[in-house]
Amino acid sequence: QDYTQNLLELLQLYHQHYPHPTSEVQAKADEIELPFVSEDLPKLLASMKIGAERIQKIVLSLRNFSRLDEADMKAVDIHEGIDSTLMILQHRLKAKPHHPAIQIIKDYSPLPLVECYAGQLNQVFMNILVNALDALEEWDLQRTPEAIRHTPSTIRICTQMSTDDWIMVQIADNGPGMPEPVRNRLFDPFFTTKSVGKGTGLGLSISYQIVTEKHGGSLQCISTPNEGATFVVQIPVRQG
């Protein structure tokens, strides 16, 4: 930006001191649309800077999400993991031609650092959030624009201490909910309600294993038809 600003200022000085350039210089200035370029170039650089900052945030979120450099159990900030997951899913939350934006409400309570396999736990949050987004998108396709305006699709994320030594993360959507036979099979391997080619039926099954077997916690779903669905993750603050 500094280099460009210096060059533009030098061009301006040339124009002041040599207001009548040779025909060749004038022809080139007309060809490249010099006034437009001089005005647009700083804007272009500003856009690139904003884009680079966004990429930086996404890469940082991906690193925080995957925790590839931290495969062992480690005390981490759970909220940072959830926020990184939301950043990665930003494209699913924005409004699109065929469905409106999905609102995220964060209701975070103060939590201590939690001993966990951070990358795996973030995968749990990802699977639950993707499940909620899929349900809400499908639900909005069946609702009228008026109904969507009146009750926008929303995901609420609440965190709190469930006891002195356990934390609880609740991820709730206001979608169509599910009947009991579906809810009872949610965590079965290969069980899916999605159309062929859309889901493997493994996301929630793997999430259940990560929470219960790897972290000694619990994962449950509370849902009834037309009342949305709430996934509740509970894990101890310290392992062992």
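**Exercise 1. Describe how strand 7 is paired and covered.**

Step 1. Over 6 bridges, strand 6 and strand 7 pair in the antiparallel sense. Two strands count as paired if DSSP finds at least two bridges between them. Strands are DSSP runs of E with at least two residues, helices are runs of H or I with at least four residues, and both are numbered from the N terminus. The model is predicted: local features need pLDDT of at least 70, side-chain atom pairs count only at pLDDT 80 or more, and totals for chains, interfaces and linings use all residues. Residues are numbered from 1 along each chain as its sequence is written, and side-chain values use heavy atoms, with hydrogens and water left out.

Step 2. Within the pair of strand 6 and strand 7, Ser-218 stands opposite Gln-234 in strand 7. The hairpin of these two strands has 5 residues between the strands, and Asn-226 takes a positive phi near 65° there.

Step 3. Strand 7 is also joined to strand 5, by 8 bridges, and these two run antiparallel. Trp-166 stands opposite Pro-236 in strand 7.

Step 4. Now check the covering. Buried means under 20% relative accessible area, exposed over 50%, and partly exposed in between, with a 1.4 Å probe and protein chains only. In strand 7, 8 of its 8 residues are buried. In a regular strand the side chains alternate between the two faces of the sheet. One side of strand 7 holds Ala-229, Phe-231, Val-233 and Ile-235, the other holds Thr-230, Val-232, Gln-234 and Pro-236, and all are buried.

**Exercise 2. State which elements build the largest nonpolar core, and examine Ile-78.**

Step 1. A nonpolar core is a set of buried Ala, Val, Leu, Ile, Met, Phe, Trp, Tyr and Cys residues joined through side-chain atoms within 4.5 Å. The largest one has 38 residues, and Ile-78, Ile-155 and Val-169 have the most contacts inside it.

Step 2. Among the elements that give two or more residues to this core are helix 4 (78-88), helix 6 (118-142), strand 5 (166-173) and strand 7 (229-236). Helix 6 gives the largest share, 10 residues.

Step 3. Contact means heavy atoms within 4.5 Å. Leaving out residues up to four places away in sequence, Ile-78 touches Leu-111, Val-114, Cys-116, Leu-121, Phe-125, Ile-167 and Val-169.

**Exercise 3. Find the largest cavity and describe its lining.**

Step 1. On a 1 Å grid over the protein atoms alone, a cavity is a set of points where a 1.4 Å probe fits but cannot get out; lining residues have an atom within 4 Å of a point. Grid points are joined across faces, edges and corners, and a volume is the space filled by probe spheres set on the points.

Step 2. A search of the whole structure gives 1 cavity of 30 Å³ or more. The volume of the largest cavity is about 40 Å³.

Step 3. Its lining has 10 residues, of which Val-76, Asp-77, Gly-81, Ala-118 and Asn-122 lie nearest its centre. Helix 6 supplies the largest share of this lining, 4 residues.

**Exercise 4. Decide whether Ile-104 is buried, partly exposed or exposed, and list its contacts.**

Step 1. Ile-104 lies in strand 2 (residues 103-108).

Step 2. Its relative accessible area is 28%, so Ile-104 is partly exposed.

Step 3. Apart from its neighbours within four places in sequence, Ile-104 is in contact with Leu-86, Leu-93, Ile-155 and Ile-157.

Technical notes: 1 Å grid on protein atoms, 1.4 Å probe; cavity = no way out; pocket = protein on both sides within 12 Å on 5 of 7 lines; lining within 4 Å.
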